[in-house]
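Got a few minutes to walk through a protein model together? Have a look at the fold first, then we'll go question by question.

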Amino acid sequence: MQEITILSGKGGTGKTTITAAIASIAKNAVFCDNDVDAADLHLILEPNILKENSFDSGSKAIIDIEKCTNCDICIDHCRFDSIHYDKSDNIYVNPFECEGCRLCERVCPADAISMIRSLNNYEYVSETRFGYMVHAKMGAGEENSGRLVTSIRNKSKEIAKENNLDFIINDGPPGIGCPVISSVTGTNKVLLVIEPTKSGFHDIKRLIELLESFKVKTYALINKFDINTEISTEVEEFLKTLNIPLLAKIPFDTTIVEAMINKQTISEFAPNSEISKMMKDVWSVLSSSN
Ligand code: SF4
Ligand code: SF4
């Protein structure tokens with residue numbers, strides 16, 4: 001079984017469009033939306049949910065104001081500045097700021113603080129017209145997206161094993177933070193979707209730097225290469241110096257937008273288009289055993 005993670009370094013590069021196109025070409029695959037903070041693969045794959053589980057993302061402190069003596073010891077100890085007084089002078093913990101470290105619970109002399117589990121994140125196993133999909137929804141203000149990514153990747157592996165599937169395709173999160181690290185750890189291959197803009201080039205350099213420590217086989221494609229051919233050429237030269245194979249230079253094409261409006265991938269909407277052919281070639285390299 002091979003796990004392939006598609007990353008972009010920043011949002012808005014067309015990564016999910018590319019992932020969806022690959023999803024419609026790949027056979028024997030399970031698709032996993034690792035971009036749990038802003039999941040959007042479901043918009044094209046239109047999953048039919050088979051199983052839903054809440055995900056335990058940690059604890060938050062709450063204060064029993066009946067027991068509280070307003071000594072303020074917890075406020076002095078909270079390193080995350082999460083405990084405040086409201087307009088009625090009642091003490092409270094802001095759940096969006098609380099990191100669940102439990103220190104306040106330990107130092108409270110009145111036993112007024114307890115911890116509640118936060119079960120506001122959800123994991124889903126779904127079926128789509130291309131196969132199984134594992135995805136997630138994070139509740140407002142919830143954290144621990146890195147743990148959630150690890151959890152849904154593990155679920156994808158289980159499904160791939162149970163169903164004898166050959167591939168797991170991860171639609172990775174943007175940036176270089178904790179969810180990206182969770183998305184890349186242990187993956188077999190990475191495909192970088194690069195946008196030829198100054199910020200796109202800058203962010204992909206940071207991402208490549210991060211990937212160096214993972215020693216993962218890395219490929220790239222430039223999306224909408226013709227919106228800035230000068231930067232596209234710079235990106236190409238840069239990739240050459242690092243021996244990162246450039247698998248495709250996808251032109252800007254309104255057919256992709258039309259496909260999205262019709263909730264289809266480019267390979268479904270225009271199967272004989274030049275871009276669909278390019279995507280087949282990309283998948284042919286990614287899916288090879290090397
Ligand atoms: S659990 Fe930690 S972060 Fe949350 S309010 Fe208590 S001391 Fe602050
Ligand atoms: S430490 Fe306990 S008693 Fe003191 S202010 Fe905080 S919650 Fe109230």
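Below are some short questions and answers about this structure.

This is a predicted model, in which local features need pLDDT of at least 70, side-chain atom pairs count only at pLDDT 80 or more, and totals for chains, interfaces and linings use all residues. Residues are numbered from 1 along each chain as its sequence is written, while chains are lettered from A and ligands numbered from 1 in the order in which they are written.

Q: How many helices and strands does the protein chain have?
A: Let's start with the overall frame: the C-alpha atoms fill a box of roughly 70 × 40 × 35 Å along the principal axes. Helices (H or I, at least four residues) and strands (E, at least two) are DSSP runs, numbered from the N terminus. On that basis the protein chain has 11 helices and 13 strands.

Q: What distance separates the centres of domain 1 and domain 2?
A: The bounds come from an automatic or database domain assignment. Domain 1 takes in 2-55 + 123-286, and domain 2 covers 59-117. Taken over C-alpha atoms, their centres are separated by 41 Å.

Q: What percentage of the 290 residues of the protein chain count as buried?
A: A residue is buried if 20 or more other C-beta atoms lie within 10 Å of its own, exposed if 12 or fewer, and partly exposed in between, with C-beta atoms placed from the backbone. Of the 290 residues in the protein chain, the buried share is 42%.

Q: Which helix gives the most to the largest nonpolar core?
A: A nonpolar core here is a set of buried Ala, Val, Leu, Ile, Met, Phe, Trp, Tyr and Cys residues joined through C-beta atoms within 7 Å. The largest one has 61 residues, and Ile 22, Phe 31, Ile 169, Leu 192 and Leu 221 touch the most other members. With 6 residues in this core, the top contributor is helix α1 (residues 15-25).

Q: How many residues are in the second, separate core?
A: In soluble globular proteins, nonpolar side chains tend to be buried together. Here a second, separate core includes Ala 61, Ile 63, Cys 78 and Cys 98, and its residue count is 10.

Q: Which residues of β10 point one way, and which the other?
A: Strand β10 (residues 167-171) is mostly covered, with 5 of its 5 residues buried. In a regular strand the side chains alternate between the two faces of the sheet. In β10, Ile 168 and Asn 170 point one way, and the other way point Phe 167, Ile 169 and Asp 171.

Q: Which residue in β10 stands opposite Ala 29?
A: Two strands pair if DSSP finds at least two bridges between them. Strand β1 (residues 2-7) pairs with β10 in the parallel sense over 5 bridges, with Glu 3 partnered by Ile 168. Strand β2 also pairs with β10 in the parallel sense over 5 bridges, and there Ala 29 stands opposite Phe 167.

Q: Which residue in β9 is the bridge partner of Val 125?
A: Strand β9 (residues 131-137) has 6 of its 7 residues buried. Strand β8 (residues 121-128) pairs with β9 in the antiparallel sense over 7 bridges, and the two form a hairpin with 2 residues between them. On another side of the bookkeeping, β2 (residues 29-33) runs parallel to β9 and is joined to it by 2 bridges, where Cys 32 stands opposite Val 134. The partner of Val 125 is likewise Val 134.

Q: Which residues come closest to ligand 1?
A: A residue is near a molecule if its C-beta atom, placed from the backbone, lies within 6 Å of it. For classes, Ala, Val, Leu, Ile, Met, Phe, Trp, Tyr, Cys and Pro count as nonpolar, Asp, Glu, Lys and Arg as charged, and the others, Gly among them, as polar. The shell around ligand 1 divides into 9 nonpolar, 3 polar and 2 charged residues. Of the 14 residues that surround this ligand, the closest are Ala 61, Cys 78, Cys 98, Cys 101 and Cys 104.

Q: Which residues come nearest to ligand 2?
A: By class, this shell has 10 nonpolar, 2 polar and 1 charged residues. Of the 13 residues around ligand 2, those that come nearest are Cys 68, Cys 71, Cys 74, Cys 108 and Ala 110.

Q: Why does Asp 72 count as exposed?
A: Asp 72 sits in the loop between β4 (59-63) and α3 (73-77). Its phi is near 70°, a positive value in a residue other than glycine. Asp 72 counts as exposed because its C-beta neighbours inside 10 Å number 12.
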